[in-house]
Amino acid sequence: MAVRKILNSNIVRLVAGCSSALLLATSLCAQTGFPEKDELVFGFIKLTDMAPLAIAYEKGFFEDEGLYVTLVPQANWKVLLDGVIDGQLDGAHMLAGQPLAATLGYGTEAAIVTPLSMDLNGNGITVSNEIWQQMQPYIPDTHGKMKPVIKADYLKPVVDSYRARGLPFNMAMVFPVSTHNYELRYWLAAGGIHPGYYAPHKGDTSGTLNAEVLLSVTPPPQMPATLEAGTIHGYSVGEPWNQQAIFKGIGVPLITDDEIWHNNPEKVFGMTQAFTEQYPNTTVRIVKAMLRAGKWLDENDNAHRQEAARILARSEYVGADYEVIANSMTGTFEYAKGDIRQVPDFNVFFRHHATYPYYSDAIWYLTQMRRWGQIAQPKSDDWYKDIARRVYKPEIYRQAAEALMAEGLMSASDFPDFDTETGFKPVQTEFIDGVSYDGSKPNAYLKSLTIGLKDEVL
Amino acid sequence: MKFFEYALPERSNLDEQEHGNGPVATPVDASTPCAEDPGPAATLGTPDGKARRFLPQAWLKLVGDSAGLSRIARAWSLALVGIGVFLLLWQNTAGNIETSLGQFPGPVQVWQQVLNLKQEHLREMARKEAFFARQEARNAEMLAQDPTADVRIRPYTGRPVFIEQIRTSLFTVAFGFGIAMLIAIPLGILCGLSQSFYSAFNPVIQIFKPVSPLAWLPLVTMVVSALYVSESPMLSKSFITSGITVALCCLWPTVINTIVGVAGVDRDLINVSRVIRLPALRHVQKIVLPAAIPMIFTGMRLSLATGWMVLIAAEMLAQSPGLGKFIWDEFQNGSSDSLGRIMVAVLVIGILGFVLDKLMLMLQRRVSWDKQSVLR
């Protein structure tokens, strides 16, 4: 009996394996085989941009793919990454920089890949009420017209006065290779404030070499409490922790990351390379379910966002109050108290091809790692492209997309044109400092940035 | 063997005799532990030990006359007044504390959260049922498509409800406490019987006794990850980690109290054992253990209380499922309900701690040598 069962399951696997091989050969036949592994555990951090995971679970998209997924909140990004590496987690909601850094061996070394991006934008920079008061004289008066975009130029005199008094100016971000770190650094540097270099080859991974503002790591949910305690003067974090500061009356969000770089790529879904190779059908099915979740979240002009915010407000997901989560999820963002503005693209989960794993997005993160010294040596343009290809897996994305189209759940207009897509977005110009970014020329891009490493080694 | 049958009744006679004038109780319950572990051992050992022993009889007597009845009523009403005053104070103070998560929860808000948790429990149960129904339907469909398909029912993938977290915490503490007792009681007996053993182990015991669970935790975590490797582990790593941390911390009160209890066995009893030439193991089983049981139990009750306290901290830090993790998650959520929910957990922890202690008391009554005196 037992032998027969093993035999049977092996036959199923064999059939599944063959069909996936076929699928690779001819993407015309877009049927995905049975999942090789159907009980999965995914990790996440309590942030609104984990929404695709919660929705894929709650709306039964995972189950539709025959996957039985358990979602487990993680204490911080390091614990989450270690969980994926040692196999306690089959996959996780990750910072875009994490799979890249793990592949480079910055921090824990491991082959982590990503077959899809989870969202665009969704972060903000918040400072304490005290700092906001001190910034007031430097913010240009618009006489009640358009509210100005708050640049770091207006923070610089405050930072200078702290430095003149010999006091450290501390800000927090969530992880050394996080989007939030690079965004905060980009914003500070664009305003002429040096956020400090990393020098891993000298054993200095604090990232505060030559720094005018000292950046440190704090897990997202603890940001408001740390700000309230006065340990830090400001932070860069995902939602709902910027809106939480406003609701608690302890800080003021200055700027969203969308204003720093319009439609910037945010979280990715990370898995080990070994997992994607050992369980190809499962991988494709995970991507399918999450694509459907992303589409559900963005459908009909964010029509489902309120429902999504209700789901996220449950204590097992993000758990913050519904009002706090709904603020940003439904496309509004409260800057200073009462200054509520429409930001329909604050969280983008699907439109603008948000889920496609663009090589150029990966390369932007790599350029920032180089800019701030996390990559100690200068590298060739080809090196950047090679790393991007090792980590970002648009081929898996394509299989999932084609399966969804074959099932009639999605149409070709939902996706980039796979036959002509190179994985490089056209030159992007919508940065806060007006510098343009061409993903195919990373070294030229590094040279165009004023503060930051270029060819030199620290 | 025959000798033994003869010996037994004699010993209970001895006990009977001694019980009348109370000398058995004195050496065992006496304040000897104070030298080792002054505070808690003293409070638990001396007054309670006696009261406990005579409690059932005392109850019978009390119920017998009306004066006793009114005394019980008085005790109960005083307890109720105490609780009432506490609730009033709590409600008033809570109303005056503003945190960034809103007002500090008073009894009313906490009760609201109890109802909320119950609601969530019911909702989760419904979801669980739906989950299995969907799964069965899907499996049937798979079988219809492909009769050889490998179908099975997977466990529920939703989040653990509050009750399950309580259960996990109780299992973990039982596991940790169990390990600790397996080590502590034999070790205590050895050290109590032999002065040289005691001198050898005492420094180690004294050094490790005051170590906080938070100090052990990182070490235990790393050791468990390194040593506990298995493809499909029966117990999860986080469970083992917090269990062992609990064990390391709740070992000591039992060890120390057992040593004191064993060392303080009445000379007469030991002499009897000598006279009838009991073999070493028999001596421990028939003389030492029964005489030392009140002290051992005093230690075990202290250990269990320590273990329960340690567990909550360990779960918080190790992120292992349970009440500690529940509190941590709620703190992280930072919603306006969080403080109320944490308060619910605090009360549950307190009540369970109290119940665990009462259970140990009942267990002691069951195994205690003096039960016979009560039955007589």
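Confidence in chain A of this predicted model varies by element: helix H1 (residues 2-25) has the lowest mean pLDDT, 48, and helix H2 (residues 51-58) the highest, 96. Here pLDDT is the predictor's confidence in each residue, from 0 to 100, and helices (H or I, at least four residues) and strands (E, at least two) are DSSP runs numbered from the N terminus. Over the whole of chain A the mean pLDDT is 89, with 92% of residues at 70 or more.

**Ground rules**
- Residues are numbered from 1 along each chain as its sequence is written, while chains are lettered from A and ligands numbered from 1 in the order in which they are written.
- In this predicted model, local features need pLDDT of at least 70 and side-chain atom pairs count only at pLDDT 80 or more, while totals for chains, interfaces and linings use all residues.

**The shaky stretch**
- Residues 14-29 of chain A stay under 50 in pLDDT, and the model gives them 15 contacts beyond four places in sequence; two residues are in contact if their C-beta atoms, placed from the backbone, lie within 7 Å.
- Where pLDDT is low, the predicted coordinates should not be read in detail.

**H5 against H17, chain A**
- Helix H5 (residues 97-104) packs on helix H17 (residues 381-391) at about 110°, with the axes 10 Å apart; axes are lines fitted to C-alpha atoms, for helices over the stretch in contact, and angles run from 0 to 180 degrees between N-to-C directions.
- That angle makes H5(A) roughly perpendicular to H17(A), a label for 65 to 115 degrees.
- On the H5(A) side, the contact uses A:Pro99, A:Leu100, A:Thr103 and A:Leu104, and H17(A) brings A:Ile387, A:Arg390 and A:Val391.

**H10, chain A**
- Helix H10 (residues 241-248) is mostly covered, with 7 of its 8 residues buried, meaning that 20 or more other C-beta atoms lie within 10 Å of a residue's own, all placed from the backbone.
- Among those buried are A:Trp241, A:Ile246 and A:Phe247.
- The cover includes helix H9 (223-228), strand S12 (251-256) and helix H15 (322-329) of chain A.
- Right after H10(A) comes A:Gly249, with a positive phi near 70°.

**Chain A meets chain B**
- The two chains touch through 23 residues of chain A and 16 of chain B.
- H1, strand S2 (68-73), H9 and H10 of chain A each supply at least two residues of the chain A side.

**Chain B**
- Chain B has 15 helices and 2 strands, and 32% of its 376 residues count as buried.

Technical notes
Parallel < 35°, antiparallel > 145°, perpendicular 65-115°, else oblique. Buried ≥ 20, exposed ≤ 12 C-beta atoms within 10 Å, placed from the backbone.
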